[in-house]
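This report covers confidence, chain contacts and sheet architecture, in that order. The sequence and coordinates under discussion appear directly below.

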Amino acid sequence: MSEANTPQAGQALVDDERIKQISPLRKALIRPELGGMCGTVIVFFLFFIFAGDSGMFNAQGVMNWSTVSAQFALIAVGACLLMIAGEFDLSIGSMIGFAGMMIAIFGVTLGWPMWAAILVTFVLCTAIGGISGYIVVRTGLPSFIVTLAFLFILRGFTIFLPQMLERKTIIGGIRDAAEGDWLAPMFGGKILTGLFQWMGDAGIIATFERGNKMGQPVVEGIPMLIVWALFMIFLGHFILTRTQFGNWIFAAGGDAESARNSGVPVNKVKILMFMFTAFSAAVFAACQVMEFGSAGADRGLLKEFEAIIAVVIGGALLTGGYGSVIGAALGALIFGVVQQGLFFAGVESSLFRVFLGVILLFAVILNTYIRRIITGER
Amino acid sequence: MTSLFKKLMLATAVVAAPLMVATTAAAEGEKYILVSHAPDSDSWWNTIKNGIALAGDQMGVEVEYRNPPTGDLADMARIIEQAAASGPNGIITTLADFDVLSGPIRSAVDQGINVIIMNSGTPEQVREVGALMFVGQPEYDAGLAAGLRAKGDGVESFVCVNHVISNTVVGERCRGFADGLGVDLGGQMIDSGQDPAEIKNRVMAYLNANPDTDAVLTLGPTSADPTILALEEMGLAGDIYFGTFDLGDEIVKGIKSGTIQWGIDQQPFLQAYLPVVVLTNYDRFGVLPGNNINSGPGFVTKDALGKVEEFAGKYR
Amino acid sequence: MNPEKAPIIQMRNIEKHFGSVIALAGVSVDVFPGECHCLLGDNGAGKSTFIKTMSGVHKPTKGEIMFEGTSMHFADPRDAISAGIATVHQHLAMIPLMSVSRNFFMGNEPIKNLGPLKLFDHDYANRVTMEEMKKMGINLRGPDQAVGTLSGGERQTVAIARAVHFGAKVLILDEPTSALGVRQTANVLATVDRVRKQGIAVVFITHNVRHAMAVGDRFTVLNRGKTLGTAQRGQITPEELQDLMAGGQELVALEGSLGGTV
């Protein structure tokens, strides 16, 4: 082989007749979020037809499925970034229960000011997330196993601590303890209440007919839960797509060894993602506890799977290195709308799981197809 | 790509359509929604489902049953909010945790939806959320009665197998039982979880560790059925004093064979059936009973098993 | 090759022992800027140990590494990389699921500061990636095309382009053509040629004599941890190289039995 004919070889490679040209439209459509977008359109389309007049799309109904979707989205964002970084967290649900219980124990049983209870809980939970991350990167064990251990450890403490301290598994009175606190409304409060009051007065949304809330709109405002979810989605999407750190997240999950060879601090990235996931679980717990006023030992059961399902519907790859926060958020929206929408449509509630399974299956098939186009996997 | 998209859409529509049409077409008369706190796995609630179905048929109204799949009460609160948003004539719900559920229930009441609390809750709480009435068994009183009865039979210590540790109201049964016996509840209540194998093993572990335990109290079929197996395996069936709340197939068999001394029937059928009847009549004619309705307790022993046996797990 | 220039890297009497095993027993090699220095040898000849010593993975037991005239002691590969010695491994530092431009800048992301935030400068990354790829003769559909859609040869080329872009003065290529087809091999060899002409010293490890002859300026053959000498281009035939690699005599006998086709 002489040097003279190599440039032609290079040229020939460019015009390889076996590489099909992809039209610009198709290219614009082919994104990790595509599956989630299609799913969202389909789901809304179907529910508009079958449950359009059931109250699902009045203010109260919209708020209902939005809140449920926001709950899923909160934990899905954390789980999504962690999954892209190549790791799993099965302790999300237990972490939710644990964080809520810690807020209750600090704030009610020990009588700390609520802001201190919340802040200490956040620090504690994030640290626990960091510990499980540290164990994963240090030992090289699958995160599946390590976080499974934390699933039991945290759930165990969530049941044991209140039983030891209060002889019960539900600690109430959090709303009273949080009265007048400056931090608590950041999680349990509502915003835009003036706007909703105006809409109620103007007859755009329904108002209460009786009781001490008569004349007030049935939807008082946007719960902070939704604000947090939107904030986390924005934050997660921004970090992932726009920052140097985002590139490291992809790299750490795509191939940790290659990423290390290129100077990416893979361990640091993974530990930080575990901490972020724990943080999002703590936000979920804080919102729940502040809204409902009590923490229970069984809160957050199976939420880790709901988070993972939302992420997978949103197009992320279970083995890491690929995915999108917007996709995960759409996955959470689909999940929430389907779960609540089936009730609105009057479908027998035990069939919910059947629908969930069908959607999950379709989503995975569609996403795999899309991903193959993008990445050239075979 | 587009063809796959079409196929997906078509497939989803095909799967979804018959189910949705079938259920929405039936909506003619009044519409009521019953919200329970029980996870899907709790078989005791079948009686409730049968009760509302029968009442719905007889009264010509539509009644839906909803529950949080995992038994998470925070999810249940969302379901009540959702039920209120769908604008039914009335909601029948349990009040398993006042802190979590009182907000959504009060909102529903304030929207002009009639609410009846069934199964779990105290008369004070029921008044506070603005519900019409309570249909159920006052749990502490039922436990107390059972405790007094057991004391009369010579029981001095017991283990309470609690499969719904998160439901404070059900825990009251154990507290009442302990007070009836005149002993301290202390560590005699075990959190058994919902899984039959786990329940069985925990009961066996407890009885091995505390061989001088006189009596076993279970709080429903979920904990009673595996406990029967545990006792049989340990050779204690019929030997140890065994009382249970609620009825079911296995419990009835247990009572018949002498493994179980008595079952406390809170008559769930009434808890489901009566609220539907009351709500319908209230909506149609404005008539309402003047007080809460106690559906239980009723002790079911070996002597009175006829009808119970016939309808166990269905209407009893 | 330009003899007036000083060698950019000189490996003098490098010895490397792993316990009782002597992997390298006094190897000396000079590499000049702008030359392609081929390092040949059969499996187990010590090629890998030698380049790992050069790139800072191993510390030599004895001997001296002179880089740009001064004696260097690399503590780890990062030292060598920051000095300008880049290695493109057989196992590429490439992530198939990520786009070419994200891969290109992996670990060296271009930063655009927005207040305290360190943003990934996508515009810059995309532009540079497209330019560098065009220089190397690869026309991408776009900078967001995933590396997984590229052929093996193209991936090698991206890895080489990346090393060159980030200031490599010495580029060590560890068997870049061993797993490639004919056309892809040609493409990679063309890339090597292009890089050499930019004045970068290329150390090209291979056991394929034909690939070495295609681009090499000088050839050093390793056998059993020793140098069997360095030859200039034109002073040695492929057959002689082949013989040297295999340690001479044995292969002559083997070759005879195979009809001279090895």
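What mean pLDDT does chain C have, and what percentage of its residues score at least 70? Chain C averages a pLDDT of 82, and 91% of its residues score at least 70; pLDDT is the predictor's confidence in each residue, from 0 to 100.

The model is predicted, and for that reason local features need pLDDT of at least 70 and side-chain atom pairs count only at pLDDT 80 or more, while totals for chains, interfaces and linings use all residues. Residues are numbered from 1 along each chain as its sequence is written, and chains are lettered from A and ligands numbered from 1 in the order in which they are written.

**Confidence**

The predictor assigns the complex an ipTM of 0.78 and a pTM of 0.80. For chain A the mean pLDDT is 86, with 90% of the residues at 70 or more. Among the elements of chain A, helix α6 (residues 114-139) has the highest mean pLDDT, 96, and helix α1 (residues 6-14) the lowest, 40. Helices (H or I, at least four residues) and strands (E, at least two) are DSSP runs, numbered from the N terminus. Over residues 1-19 of chain A, pLDDT stays under 50, and the model has 20 contacts beyond four places in sequence for this stretch. Two residues are in contact if their C-beta atoms, placed from the backbone, lie within 7 Å.

**Contacts between chains and domains**

Two pairs of chains are in contact, and of these chains A and B share the most contacts. Chain B and chain C do not touch, with their nearest C-alpha atoms 19 Å apart. The table lists the residues in contact on each side.

| Contact | One side | Other side |
|---|---|---|
| Chains A and B | chain A: 48 residues | chain B: 45 residues |
| Chains C and A | chain C: 30 residues | chain A: 29 residues |
| Domains 1 and 2 of chain B | domain 1: 14 residues | domain 2: 14 residues |

On the side of chain A that touches chain B, at least two residues each come from α3 (34-51), α4 (59-84), α14 (266-292), α16 (325-344) and α17 (352-375) of chain A. By class, this side of chain A has 23 nonpolar, 18 polar and seven charged residues. The classes are as follows: Ala, Val, Leu, Ile, Met, Phe, Trp, Tyr, Cys and Pro count as nonpolar, Asp, Glu, Lys and Arg as charged, and the others, Gly among them, as polar.

On the side of chain C that touches chain A, two or more residues come from each of β8 (117-120), α6 (182-197) and α7 (209-215) of chain C. Helix α6(C) gives the most, with six residues. This side of chain C divides into 17 nonpolar, six polar and seven charged residues.

**Chain B**

Chain B is divided into domain 1 (29-137 + 267-296) and domain 2 (139-265), with bounds from an automatic or database domain assignment. The domain centres, taken over C-alpha atoms, are separated by 28 Å. The side of domain 1 that touches domain 2 has four nonpolar, eight polar and two charged residues.

An open sheet of six strands in chain B follows the order β7-β6-β8-β9-β10-β12, with mixed pairing; two strands pair if DSSP finds at least two bridges between them. Its edge strands are β7 (189-191) and β12 (298-300) of chain B. Strands β6 (residues 158-162) and β8 (residues 215-218) of chain B run parallel and are joined by four bridges. B:Val161 stands opposite B:Thr218 in β8(B). Helix α6 (residues 139-152) of chain B lies across β8, β9 (241-245) and β10 (262-265) of chain B, at about 165 degrees to β9(B). Axes are lines fitted to C-alpha atoms, for helices over the stretch in contact, and angles run from 0 to 180 degrees between N-to-C directions.

**Chain C**

Chain C contains nine helices and 12 strands. Its radius of gyration of 19 Å agrees with the value near 18 Å for a compact globule of 262 residues; the radius is taken over C-alpha atoms, and the globule rule is 2.2 Å times the number of residues to the power 0.38.

Six strands of chain C form an open sheet in the order β6-β9-β10-β3-β11-β12, with mixed pairing. Strands β6 (85-88) and β12 (226-232) of chain C each have a single partner strand, so one side of each is left without a neighbour in the sheet. Strands β3 (residues 36-40) and β11 (residues 218-223) of chain C pair in the parallel sense over four bridges, and C:Leu40 stands opposite C:Val221 in β11(C). Helix α5 (residues 152-165) of chain C lies across β6 and β9 (170-174) of chain C, at about 170 degrees to β6(C). Helix α6(C) lies across β3, β9 and β10 (201-206) of chain C, at about 155 degrees to β10(C).
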